[in-house]
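Visitor: Could you take me on a close look at one part of this model, the space enclosed inside it? I would like to know what surrounds that space and how it fits into the rest of the chain.

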Amino acid sequence: MTTGNPAATPAPVRLTAAQHRAVWAGFLGWTLDAFDFFLMVFMLKAIAADFGVGVKDVSEALFLTLAARPLGALVFGRLADKVGRRPVLMGVILAFSVLSALSGAAATLTQLLLIRALFGFAMGGEWGLGASLVMETVPAAARGRVSGLLQAGYPAGYLLASPAYFLAFDAIGWRWMFVLGLIPALLVAFIRMGVAESPVFLARRHEPAPPPLRVLAAHWKRGLYLVVLMTAFTTLSHGTQDMYPTFLQEQHGFSTRVTGTIALLMNLGAICGALAFGALSHRLGRQRTIIAAAVLAAPVIPLWAWGDGLAQLALGAVLMQFAVQGAWSMVPAWLNELSPFAIRATFPGVVYQLGNLLSSRNVVFQADLAAARGGDYAFALATVAGLTIAVLVAWTAFGPHPQDDLA
């Protein structure tokens, strides 16, 4: 296993005001992204009832959102490699904000599925571009903890979706819930207006750019390795999050408010995990941090899936997401450090979203597996989590070590 020498990592440094703005803009963009996605997760049952279909039929919207992301990552990434990270990010934010609001206006399930596919296309540009801008802006010694903070934006979005669902859903219904996404979107767009372009991009934008296909061909082994890695990562993340509210409602009969409260608690755990392991990576290195967090998730599975009552299930959910997002804390830094500069706005986002594509049937698979066992969501959740943890640990252990310089 190649993990580098963690002891040789330089001490953390203070960020400048401009670097802080870039980090927080990246964090909030990812938060907004997750806020909308997980609103959909909470509302699967209600949308299915409104359209007179099953939860499985509506879960196709989650599949289409995830499946459309790689194309968005490719299109917006190539544009950002040519004209810069910042302006493309602004366009992406506006696009998926409008599409989020339009989701509430869908008159049929088919219309909703189409809108969510377009939303996924726009959403696909957010993570790769935001992560590249941030990682090219902060100093190398800060990347581990910044990576953890950036990735904490995803459970933060889930965390915000939880009280929004808890407080507003029963009063306004699922259609108006989607319109709520416009409020934080305007805030994020305003903050991003004050963020400077990546200094690495500005310093090298006049260099002759090699054809992107030639760059991809030269790094195809690394790209393939990372696609498989991100398939495991996204399966672990979505496999432990997306169906959990449905599991709590369908198998345990918990109310909207109880489900929302557990989701809020587990996302507090996720944020703590991302920040804690992001800081710990300064000592352990990227790969050891991922492996340690993933291994920690394995013994939590029985409590998380088969806990006896509300208190045990809530504790299991918190511990599971602490470990899962602890492993995820290294992804923004690692993917960018393994990416060639000429296609860095494209490469991390594409390999990440291809992983999403390959794991995008996970929700449908879990629903089918649960249905085949008489509605046993616990078995479906535990099976996916256990197998994915084993694959993630093994695949990470034999992976390449990130380069030292993003310049």
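Guide: Happy to help; here is a walk from the whole chain to its cavities, then out to the surface.

Please keep in mind that this is a predicted model. The chain has 19 helices and zero strands. Its radius of gyration is 20 Å, close to the 22 Å that the globule rule gives for 407 residues, so the chain is as compact as a globular protein of that length. If you picture the C-alpha trace along its principal axes, it spans about 55 × 45 × 40 Å.

Now to the enclosed space. Counting cavities of 30 Å³ or more gives two. The largest cavity holds about 60 Å³ of space, and about 40 Å³ lies in the second largest cavity.

Let us look at the largest cavity in detail. Its lining is made up of Trp30, Arg69, Gln151, Tyr154, Thr234, Ser237, His238, Trp328, Tyr352 and Asn356. By character, these lining residues split into four nonpolar, five polar and one charged. Three helices each supply at least two residues of this lining: α6, which covers 143-179, α10, and α17, which covers 347-358. Of the elements around the largest cavity, α10 has the largest share of the lining, with three residues.

The second largest cavity has a lining of Gly26, Trp30, Glu126, Trp127, Gly130, Ala131 and Leu150. Two helices give two or more residues to this lining, namely α1 (17-42) and α5 (109-137). The greatest contribution comes from α5, with four residues. Here the residues divide into four nonpolar, two polar and one charged. If you are following along in the viewer, Trp30 is a handy place to pause: Trp30 belongs to the lining of the largest cavity and also to the lining of the second largest cavity.

Helix α10 leads us from the inside to the outside. Besides giving three residues to the lining of the largest cavity, α10 takes part in a nonpolar patch on the surface, and gives the most to that patch, again with three residues. The patch is formed by Trp220, Leu224, Val228, Val391 and Trp395, which together have about 480 Å² of accessible area. The elements that give two or more residues to the patch are α10, running over 220-241, and α19, running over 377-397. Leu224, for example, is a patch residue that lies in helix α10.

One last stop takes us to charged side chains. Side chains of opposite charge can pair when their charged atoms come close. A search of the whole structure finds eleven salt bridges. One of these is between Arg78 and Asp81, where the closest N and O atoms are 3.4 Å apart. Both partners, Arg78 and Asp81, sit in helix α3, which covers residues 55-83, and they are three residues apart, about one turn of the helix.

Key
Residues numbered from 1 in each chain as written. Predicted model: local features only at pLDDT ≥ 70, side-chain atom pairs only at ≥ 80, totals over all residues. Heavy atoms only, no water. Patch = residues over 30% accessible without salt bridge, like charges linked within 9 Å, V, L, I, M, F, W, Y side chains within 5 Å. Areas by Shrake-Rupley, 256 points an atom, 1.4 Å probe, with all protein chains shown as cover. Salt bridge = Lys/Arg side-chain N within 4 Å of Asp/Glu carboxyl O. 1 Å grid on protein atoms, 1.4 Å probe; cavity = no way out; pocket = protein on both sides within 12 Å on 5 of 7 lines; lining within 4 Å. Points joined across faces, edges and corners; volume = space filled by probe spheres on them. Nonpolar A, V, L, I, M, F, W, Y, C, P; charged D, E, K, R; others polar. Rg over C-alpha atoms; globule rule 2.2 N^0.38 Å.
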